Amino acid sequence: MALSDKPILSDPMITPDHALLKTILGDKMGWWDTIMDHTIANYPSVTPVWKYYNDGKQWLFRLMKKKDTLFWTSLVEDTFRITFYFPDRAEQLIEASNLPARMKEEFVNGRRYGRIRGLTVRMESEEDLDKVRELIGIKFQVK
């Protein structure tokens, strides 16, 4: 984890809510809202879940589709990161997607956790919204 990726939500006694997120994210809160609005509008079966994890000493957000995690989100200094985990069978969909070549290569050559691999988008610009939308679509295509 880079120094700039220091976790922000580290107090187990303070449950994150929209007001707290807005305070932390500032202008980037619009990106959070855009992602949530897009996901809920297109995939109404999703459920948001915040949970404090002692192993990482931070709150993490995950968006669930039934019992499966669609993606994980952590707030870090100045922004947030969204991580998707895909099974190996998603490789063909990822390679055929509109994702940047760097991300495709990162997935193909990425560390394997059993039969899954992760892709993380650190929200830095408007273009990152397109990456997240693309990854959400892929996640719903993988059976």
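1. Hairpin of β3 and β4. In this predicted model, two residues separate β3 from β4 in their hairpin, and aspartate 78 takes a positive phi near 75 degrees there. Aspartate 78 belongs to the loop between β3 and β4, and the positive phi occurs in a residue other than glycine. With a relative accessible area of 58%, aspartate 78 counts as exposed, because the threshold for that class is over 50%. The two strands on either side pair in the antiparallel sense over five bridges. One pair in this ladder is threonine 73 with its bridge partner in β4, isoleucine 82.

2. Hairpin of β2 and β3. Here too the hairpin has two residues between the strands, and lysine 66 in the turn has a positive phi of about 60 degrees. Lysine 66 is placed in the loop between β2 and β3 and, like aspartate 78 in its own loop, is a residue other than glycine with a positive phi. Its relative accessible area is 74%, so lysine 66 is exposed. β2 and β3 run antiparallel and are joined by five bridges. Leucine 63 has phenylalanine 71 of β3 as its bridge partner.

3. Hairpin of β1 and β2. This hairpin has four residues between the strands, and lysine 57 takes a positive phi near 55 degrees. Eight bridges connect the antiparallel strands β1 and β2. Across this pairing, valine 49 stands opposite arginine 62 in β2.

4. The sheet as a whole. Which strand order results? The six strands form an open sheet in the order β1-β2-β3-β4-β6-β5, with antiparallel pairing. β1 (46–53) and β5 (112–113) are the edge strands, each pairing on one side only. Strand β3 is mostly covered, with seven of its nine residues buried.

5. Nonpolar core. The largest nonpolar core holds 36 residues, and those touching the most other members are Trp32, Ile35, Phe71, Phe80, Phe86 and Ile136. Helix α5 (residues 127–141) supplies the largest share of this core, six residues. Phe71 of this group is also the residue in β3 that bridges to leucine 63.

6. Isoleucine 136. What does this core residue contact, apart from neighbours within four places in sequence? The partners are Ile35, His38, Thr39, Tyr43, Leu70, Phe71 and Phe84. Of these partners, Ile35 and Phe71 are also listed among the core residues that touch the most other members.

7. Largest pocket. The largest pocket contains about 340 Å³ of space. It is lined by 16 residues, of which Arg81, Thr83, Tyr85, Tyr113 and Thr120 are closest to its centre. Two or more lining residues come from each of β2 (58–65), β3 (68–76), β4 (79–87) and β6 (116–122). By residue class, the lining divides into six nonpolar, seven polar and three charged.

8. Isoleucine 116. This residue lies in strand β6. Is isoleucine 116 buried, partly exposed or exposed? Its relative accessibility is 33%, which lies between the limits of 20% and 50%, so isoleucine 116 counts as partly exposed. Not counting residues up to four places away in sequence, isoleucine 116 touches Tyr85, Phe86, Pro87, Asp88 and Arg111. Among these contacts, Tyr85 is one of the residues closest to the centre of the largest pocket, and Phe86 is one of the core residues that touch the most other members. The C-alpha atom of isoleucine 116 is separated by 29 Å from that of aspartate 78, with the two positions 38 residues apart along the chain counted as their separation.

9. Arginine 111. The loop between α4 (101–108) and β5 contains arginine 111. Arginine 111 has a relative accessibility of 62% and therefore counts as exposed. Leaving aside neighbours within four places in sequence, its contacts are Ile116 and Arg117. Arginine 111 and valine 49 are 62 residues apart along the chain, and their C-alpha atoms are separated by 26 Å. Valine 49 is the residue already mentioned as standing opposite arginine 62 in β2.

Notes. Residues numbered from 1 in each chain as written. Predicted model: local features only at pLDDT ≥ 70, side-chain atom pairs only at ≥ 80, totals over all residues. Heavy atoms only, no water. 1 Å grid on protein atoms, 1.4 Å probe; cavity = no way out; pocket = protein on both sides within 12 Å on 5 of 7 lines; lining within 4 Å. Points joined across faces, edges and corners; volume = space filled by probe spheres on them. Nonpolar A, V, L, I, M, F, W, Y, C, P; charged D, E, K, R; others polar. Core = buried A, V, L, I, M, F, W, Y, C linked by side-chain atoms within 4.5 Å. Buried < 20%, exposed > 50% of the residue type's maximum accessible area, 1.4 Å probe, protein only. Contact = heavy atoms within 4.5 Å. Pairing = 2+ DSSP bridges.
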